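Biologist: I am new to this structure and would love a close look at a single part of it. Could you pick one spot and walk me through its surroundings?

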Amino acid sequence: MADDIKHTGTITPEPRKMADALARGGERLGEKLDNFGDNARDVYAKGRERVDVMSNDLGSYVQRQPVRSLLIAAGVGLVLGAVLIRRR
């Protein structure tokens with residue numbers, strides 16, 4: 001490594017090339033991370049939108065069919081209770 005430094009204190013071309021390659025690689029990595037972040041935000045936004053739509057649909061169903069909704073909820077509660085009790 002000491003051989004790479006001339007008497008003038010400058011670095012020979014080979015280490016400079018390596019440093020440039022590392023810098024370019026760092027820039028590309030930064031761009032890829034930015035793209036990944038953008039994609040993750042898009043996926044989250046779309047998922048959030050789907051959950052909102054499903055929530056609104058469920059709310060309107062419960063308003064239209066309150067008795068049926070109550071019976072479904074009770075049935076699900078009984079099934080979950082039975083499963084949890086048997087696990088013990």
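Modeller: Let's start with a polar atom in the side chain of Ser69, which lies 2.8 Å from the backbone oxygen of Gln65. Please keep in mind that this model is predicted. Ser69 has its place in helix 2. Is Ser69 buried or exposed? Its relative accessible area is 12%, and under 20% counts as buried, so Ser69 is buried. That is worth noticing here, since 3% of the 88 residues of the protein count as buried.

What does Ser69 touch beyond its neighbours within four places in sequence? There, Ser69 is in contact with Tyr61 and Val62. Both of these belong to helix 1, and they take part in a wider meeting of the two helices. On the side of helix 1 we find Tyr61, Val62, Gln63 and Arg64, while helix 2 brings Pro66, Arg68, Ser69 and Ile72. Sorted by class, this contact holds four nonpolar, two polar and two charged residues.

Now step back a little. Helix 1 covers residues 13–64 and helix 2 covers residues 66–87. Their axes come within 5 Å and cross at roughly 115 degrees. Angles of 65 to 115 degrees count as roughly perpendicular, so that is how helix 1 and helix 2 stand to each other.

For the whole protein, the secondary structure amounts to two helices and zero strands. Its accessible surface is about 8400 Å², with 62% of that belonging to carbon and sulfur atoms.

Key: Residues are numbered from 1 along each chain as its sequence is written. This is a predicted model: local features need pLDDT of at least 70, side-chain atom pairs count only at pLDDT 80 or more; totals for chains, interfaces and linings use all residues. Side-chain values use heavy atoms; hydrogens and water are left out. Axes are lines fitted to C-alpha atoms, for helices over the stretch in contact, and angles run from 0 to 180 degrees between N-to-C directions. Helices (H or I, at least four residues) and strands (E, at least two) are DSSP runs, numbered from the N terminus. Angles under 35 degrees count as roughly parallel, over 145 as roughly antiparallel, 65 to 115 as roughly perpendicular and the rest as oblique. Contact means heavy atoms within 4.5 Å. Ala, Val, Leu, Ile, Met, Phe, Trp, Tyr, Cys and Pro count as nonpolar, Asp, Glu, Lys and Arg as charged, and the others, Gly among them, as polar. Buried means under 20% relative accessible area, exposed over 50%, partly exposed in between (1.4 Å probe, protein chains only). Accessible areas come from the Shrake-Rupley method with a 1.4 Å probe; for residues, only the protein chains shown count as cover. A polar contact is a pair of N or O atoms within 3.5 Å; within protein, one must be able to donate a hydrogen and the other to accept it, and residues adjacent in sequence count only if both atoms are side-chain atoms.
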